[in-house]
Amino acid sequence: PKKFDADAVEALRNYNWAGNVRELRNTVERVVIMRAKQKVSASDLPPLGGGEEPAPAPLKFSSFKEASEAHQRDFIRAKLSEAEGNVTRAAELMGIDRSHLYRRMRALGIKVRGERENGV
């Protein structure tokens, strides 16, 4: 069984439970299930109150393709960095064939050894 510190109990008492007892019960159940520690403190509680959810950040991509390519670029660059620039090792880390990685790098404008950006 979990034990709630006085600060956790105080935080739960001071929150205005808009959803009434169901919201309180769900919060306590979530904490009991998700926290491994036997003793629950206020820092273990999910954020209580604080107003509305923040607005989502505006999208910086105009299309799915643009967003997907940006994600692929970031991923490939991270794996290349992890592999210390070794394309063969980066391909192994990604679970793809080296020739496929070279093609994606060229298509995305990622510098391949001996080439400048954008394949020029």
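Which helix is Ala-107 found in? Ala-107 is found in helix α5, and you'll meet that helix again in the views below. This is a predicted model, where local features need pLDDT of at least 70, side-chain atom pairs count only at pLDDT 80 or more, and totals for chains, interfaces and linings use all residues. Residues are numbered from 1 along each chain as its sequence is written, and side-chain values use heavy atoms, with hydrogens and water left out.

**View 1. The whole chain has 5 helices and 2 strands.** Starting at the N terminus, the elements go β-α-α-β-α-α-α. Helices (H or I, at least four residues) and strands (E, at least two) are DSSP runs, numbered from the N terminus. Of the 120 residues, 21% count as buried; buried means under 20% relative accessible area, exposed over 50%, and partly exposed in between (1.4 Å probe, protein chains only).

**View 2. Confidence varies along the chain.** The score here is pLDDT, the predictor's confidence in each residue, from 0 to 100. The chain averages 81, and 83% of the residues score at least 70. Among the elements, helix α2 (residues 20-34) has the lowest mean, 83, and helix α5 (residues 98-108) the highest, 94. Over residues 51-55 pLDDT stays under 50, and the model has 0 contacts there beyond four places in sequence. Contact means heavy atoms within 4.5 Å. Where pLDDT is low, the predicted coordinates should not be read in detail.

**View 3. Ala-107 is an exposed residue of α5.** Ala-107 counts as exposed because its relative accessible area is 55%. Ala-107 and Glu-69 sit 38 residues apart in sequence, yet 9.3 Å apart in space, C-alpha to C-alpha.

**View 4. The largest nonpolar core has 13 residues.** A nonpolar core is a set of buried Ala, Val, Leu, Ile, Met, Phe, Trp, Tyr and Cys residues joined through side-chain atoms within 4.5 Å. Those with the most contacts inside this one are Ile-76, Leu-80, Val-87, Ala-90, Leu-101, Met-105 and Ile-110. Helices α3 (64-82), α4 (87-94) and α5 each supply at least two of its residues. Apart from this core lies another, of 6 residues, including Leu-12, Trp-17, Val-31 and Val-40.

**View 5. Leu-101 has contacts with Ile-76 and Val-87, among others.** Leaving aside neighbours within four places in sequence, Leu-101 also touches Ala-90, Ala-91, Met-94 and Ile-96.

**View 6. Lys-79 belongs to helix α3.** Why does Lys-79 count as buried? Because its relative accessibility is 18%. Setting aside neighbours within four places in sequence, Lys-79 is in contact with Ala-90, Leu-93 and Met-94.
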